[in-house]
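Here are some worked exercises to try with the model open beside you. Have a go at each task before you read its solution.

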Amino acid sequence: MQQQQPSRRSLRSLIAPEDPPPGRFIADAHARVSIHDFARGNNLDANLESLRGRCVLISTARQLPTALALAELDGIARRMILCTPGLAPSHVASVMADAGVDTIVTDGPGAARNLGYNARVVTCNDRIVAGAQPSDRSVETEWVLLTSGTTGRPKMAVHTLQSLIGPLSDGVAVQKAPVWSTFYDIRRYGGLTILLRALAGGGSMVFSDAEETVAAFLARAGAGGVTHISGTPSHWRRALMSGATANMSPGYVRLSGEACDQAILDKLRQAFPSANLAHAFASTEAGVAFDVRDGQAGFPASLIDRDGGDVTLRVEDGSLRIRSSRVAMRYLGDHTRPLADAAGFVDTGDMVELRADRYHFVGRREGIINVGGRKVHPEAVEAVINQHPAVRMSRVSGRTSPITGAIVVAEMVVAPSHLARGDSSATLRSEVLRLCQERLASHEVPVTLRQVPSLDIAASGKLVRNHA
Amino acid sequence: MLIRTVIMERVAMVAEQQGKHLPPLTDDLRLLDSGLDSLCIAIIVANLDDELGLDPLSSDEQVDFPVTLGDFIRLYENATATA
């Protein structure tokens, strides 16, 4: 099945083919770098030839220098491992050992700081120093991404530039000079693919900043002229709660990374009436599988078992399986589990359910709550709770029960506008519970429904869930 | 309020929420014949844990599983006495 690849194009050649037009840029909250300048210099305090064939850990605090370093090293380094922000020191050590890291690229802080490793340290900056470029960028660099597992050692999924860029046939009419942005960090799959689309698609990029409020980021994105922006449903719920969505007017709004319910799609449609709204399925291991653009939750059943496209989807034992050219090659390190099965399909662990002619995501396999032998998917219950107009977001979990093993409990964040109206919280609770009773089986209805001021979102952009 | 009263109120409330019709609540009513299924009982136990801070069925001490409503109430009364 291996197709003959044309001669390799490096990320640098994709970003700045000949003479990039002025105006293209990448920017974070602190600095802005013109692509035009980038084409004529580099941001690493090292002779790039000395990094040829090296195995590089990119351990950075800021995304801007990270993006520049990735473009410098692609085609030169043998392997680049993108350290997620906040990775625990013990995990940094195991990642370095398993990946055979011999060089650390850093902007000063970053996860590998203050750790005495036997590796060369190279500084990356947010400024470009003019200089000649190596002409040979033919190394097939491995791009290694850490998965956002909540427990245990992170898994390292090996991609290539080709599998990350892939043929993204989502039909988005890319205008002449798109300005992309994402709530995701680019050291995670969801953010990195957006960065690559921006850079390889003739566009610009505005980075988010973990230190910044949502309102400040949206204002900066608006000022930067962002036309395309992505995030998880949790990111977008927070954006709506900030009351600052009017600070920008994107033409394209994308959701991925978590199950997307109808309520968030409807609310984003209201907030951005003229934008193209898409929700996508993607994972670090399986890559981007598909985009849905009809504004409806779930995806058409016709996508399953369809032959001939660049992606084949299957449902087996209730979970979505994906085979495509965007699937990662393998795991690095001593993980015994293969990334894909013998036929090349990745089991996403995301459980789907067919309702009429659409599949809906109902939750993660490991997140299922077992109520006396009956399965409950937290996301399915949250989707119902979130339908109440006063509810901004919710989290459903299992509570231990001596009778049924577990029962369903829920927490919800209520819209400030609703709180301001002074309606009693008891009325709201009974309204939400009535909604649940109408739409769900009795064992799925939350036994307790707690109003909370906020719900934590992990660095991955997903709701924090504590699976028992 | 007496434990017994709290439990009776909870039982009636959960039965109503779950659309179950209860026979007259007497001490010798067998829980399994009461019309309450295990989900109802699980909800009652969780509610009582929230309200009274008592969950004798989950305690480390070995307790006999209650058969009748009277057993159930005594379980909670004993738990209060030792709490």
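**Exercise 1. Work out how helix H7 of chain A packs on helix H8 of chain A.**

Step 1: H7 (residues 214–223) and H8 (residues 233–242) of chain A meet at an angle of about 90°, and their axes are 9 Å apart. Here axes are lines fitted to C-alpha atoms, for helices over the stretch in contact, and angles run from 0 to 180 degrees between N-to-C directions. Helices (H or I, at least four residues) and strands (E, at least two) are DSSP runs, numbered from the N terminus.

Step 2: The angle therefore makes H7(A) roughly perpendicular to H8(A), a label that covers 65 to 115 degrees.

Step 3: H7(A) brings Val214(A), Ala215(A) and Leu218(A) to the contact, while H8(A) brings Arg238(A), Ala239(A) and Ser242(A). Contact means heavy atoms within 4.5 Å.

Step 4: Sorted by class, the contact of H7(A) with H8(A) holds 4 nonpolar, 1 polar and 1 charged residues. Ala, Val, Leu, Ile, Met, Phe, Trp, Tyr, Cys and Pro count as nonpolar, Asp, Glu, Lys and Arg as charged, and the others, Gly among them, as polar.

A note on conventions: this is a predicted model, where local features need pLDDT of at least 70, side-chain atom pairs count only at pLDDT 80 or more, and totals for chains, interfaces and linings use all residues. Residues are numbered from 1 along each chain as its sequence is written, chains are lettered from A and ligands numbered from 1 in the order in which they are written, and side-chain values use heavy atoms, leaving out hydrogens and water.

**Exercise 2. Place Glu212(A) and list its contacts.**

Step 1: Find Glu212(A) in the loop between strand S11 (204–207) and H7 of chain A.

Step 2: Setting aside neighbours within four places in sequence, Glu212(A) touches Ala29(A), Phe217(A) and Arg220(A).

Step 3: Now look further afield: Leu354(A) is 142 residues from Glu212(A) in sequence and 40 Å away in space, C-alpha to C-alpha.

**Exercise 3. Examine the phi angles of Asp305(A) and Asp317(A).**

Step 1: Most residues other than glycine have a negative phi.

Step 2: Asp305(A), though not a glycine, has a positive phi of about 60°. This residue sits in the loop between strand S16 (299–300) and strand S17 (311–316) of chain A.

Step 3: Asp317(A), also not a glycine, has a positive phi of about 50°, and its loop runs between S17 and strand S18 (319–324) of chain A.

**Exercise 4. How far does the predictor trust each part of the model?**

Step 1: Chain A has a mean pLDDT (the predictor's confidence in each residue, from 0 to 100) of 87, with 92% of its residues at 70 or more. Chain B averages 87, and 94% of the residues score at least 70.

Step 2: Among the elements of chain A, helix H11 (residues 416–421) has the lowest mean, 78, and strand S5 (residues 79–82) the highest, 97.

Step 3: In chain B, helix H3 (residues 69–82) is lowest at a mean of 88, and helix H1 (residues 3–17) highest at 92.

Step 4: For the complex, the predictor gives an ipTM of 0.89 and a pTM of 0.79.

Conventions: Parallel < 35°, antiparallel > 145°, perpendicular 65-115°, else oblique.
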